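Here's a quick tour of a protein and DNA assembly, written for someone who likes to know the cut-offs. Have a look at the model first, then read on.

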Protein chains: 2
Amino acid sequence: MPWNLNSDRPIFIQIIEKIQVDIISGLYMPGDKLPSVRELAQEASVNPNTMQKALSELERTGLVYAQRTSGRFITEDTTMIDELKSKLAKEIVTEFLENMQKLGFQKEETISLLEKTLATEKSTKGEADNDTGM
Amino acid sequence: MPWNLNSDRPIFIQIIEKIQVDIISGLYMPGDKLPSVRELAQEASVNPNTMQKALSELERTGLVYAQRTSGRFITEDTTMIDELKSKLAKEIVTEFLENMQKLGFQKEETISLLEKTLATEKSTKGEADNDTGM
DNA sequence: TTTATTGTCTTATTTATATAGTACAGTAAT
DNA sequence: ATTACTGTACTATATAAATAAGACAATAAA
């Protein structure tokens with residue numbers, strides 16, 4: 001599974017978000033051992049230092065913890081994970097509504113455009129790759 | 001009206017987006033004269049070079065045009081503006097659905113959370129400022 | 001005991017942004 | 001004609017991010 005990192009925003013931020021999502025979606029389960037810094041760096045095609053920076057931040061927020069020489073693990077605090085999921089979902093929804101509002105879309109227009117898009121979607125997975133070249 | 005630029009992403013990109021939205025939402029009308037580079041730079045509290053870079057890009061895409069010494073103007077091609085609005089709206093909707101899907105939300109959950117948020121909203125304007133310190 | 005792996009730390013270099021300061025030619029206003 | 005304003009161009013500097021390369025101590029595995 002590719003990491004899909006772009007140069008729009010700092011890479012270490014995108015890595016943090018990616019791992020957060022992987023935890024929230026259940027790809028990584030509480031207590032799971034993460035691959036080593038060097039493995040993750042290679043997998044994501046980034047410098048180990050960059051991966052380390054992202055992991056340190058995840059550790060600072062308590063989502064993962066490091067055991068000095070045996071590796072790094074996902075928190076077993078499922079409440080924390082659930083709260084993060086709610087928080088991120090809320091942020092995504094809020095940002096979406098703000099963006100649409102800035103473009104001049106009213107609530108009803110926003111919902112109808114959303115439903116239209118949902119109806120048009122073929123599968124649930126695998127859209128993206130909208131390279132408009134800007 | 002503040003420009004609300006943050007350091008998350010390159011400033012000149014955020015300026016481009018801001019002006020695009022101002023054109024789409026009708027704050028700037030087709031044919032309108034833009035403030036000078038220096039004025040805009042001061043208004044946005046950025047360096048004139050940064051503003052110039054953003055304006056050059058807007059010019060490259062045809063949304064504004066410069067008249068060497070009299071100033072810069074919004075395109076009178078209303079079709080282009082309408083198309084940009086549709087394009088940006090589509091991108092916003094698609095990105096929103098992708099993000100929610102990554103978090104593990106199904107279509108129905110996404111819509112219900114959205115409607116719940118819309119119902120809870122007090123006014124149509126002025127949310128934002130969610131500084132969680134990350 | 002030896003070896004390999006772990007997280008962690010350090011220094012140096014490169015690149016993209018943003019800023020600072022200055023300059024020039026064309027033109028509108030005076 | 002002079003002045004002020006326009007977009008545009010240029011060099012230099014500062015900063016954050018990413019990379020490159022290497023090192024260390026602790027520990028699990030052999």
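Let's start with the DNA. Around DNA strand C there are 22 residues, and the closest are A:Ser36, B:Ile11, B:Asn47, B:Asn49 and B:Thr69; here a residue is near a strand if its C-beta atom, placed from the backbone, lies within 6 Å of it. Two or more residues each come from α2 (37–44), α3 and β3 (71–74) of chain A, and from α1 and α3 of chain B. Helices (H or I, at least four residues) and strands (E, at least two) are DSSP runs, numbered from the N terminus.

A word on bookkeeping: residues are numbered from 1 along each chain as its sequence is written, and chains are lettered from A and ligands numbered from 1 in the order in which they are written. The model is predicted, so local features need pLDDT of at least 70 and side-chain atom pairs count only at pLDDT 80 or more, while totals for chains, interfaces and linings use all residues.

DNA strand D also has 22 residues around it, with A:Ile11, A:Asn47, A:Asn49, A:Thr69 and B:Ser36 the closest. The elements giving two or more residues there are α1 (11–24) and α3 (48–60) of chain A, plus α2 (37–44), α3 (48–60) and β3 (71–74) of chain B. Here are the two DNA-facing surfaces and the chain B side of the protein contact, by class and main contributor. For the classes, Ala, Val, Leu, Ile, Met, Phe, Trp, Tyr, Cys and Pro count as nonpolar, Asp, Glu, Lys and Arg as charged, and the others, Gly among them, as polar.

| Surface | Classes | Largest share |
|---|---|---|
| near DNA strand C | seven nonpolar, 11 polar, four charged residues | α3(A), four residues |
| near DNA strand D | seven nonpolar, 11 polar, four charged residues | α3(B), four residues |
| chain B side touching chain A | 15 nonpolar, eight polar, eight charged residues | α4(B), 15 residues |

Now for the protein contact itself. Each chain puts residues into it, 31 from chain B and 31 from chain A, where contact is scored when C-beta atoms, placed from the backbone, lie within 7 Å. On the chain B side, α1 (11–24), α4 (78–103) and α5 (107–120) give two or more residues.

How are the two chains related? A rotation of 180° with 0.0 Å of shift along its axis puts chain B on chain A, at RMSD 0.0 Å, using least squares on the C-alpha atoms of residues with pLDDT of at least 70 in both. The two copies are thus related as by a two-fold rotation axis. In chain B, B:Arg9 comes closest to that axis, its C-alpha at 2.8 Å. Since 100% of the interface residues of chain B are also interface residues in chain A, the copies meet through the same surface.

Two helices deserve a closer look. In α1(A), the buried residues (20 or more other C-beta atoms within 10 Å of their own, all placed from the backbone) are A:Ile11, A:Phe12, A:Ile15, A:Ile16, A:Ile19, A:Gln20, A:Ile23 and A:Ile24. They pack against α2, α3, β3 and α4 (78–102) of chain A, together with α4 of chain B. After α1(A) comes A:Gly26, with a positive phi near 95°.

In α2(B), the buried residues are B:Leu40, B:Ala41 and B:Ala44. Down the helix axis they fall within an arc of 100° (taken from the directions from the axis to the C-beta atoms), so they line one face of α2(B). Their cover includes α1, β1 (33–34) and α3 of chain B. The face turned away from the buried side carries B:Arg38 and B:Glu39, which are exposed (12 or fewer such C-beta atoms within 10 Å).

Key:
Contact = placed C-beta atoms within 7 Å.
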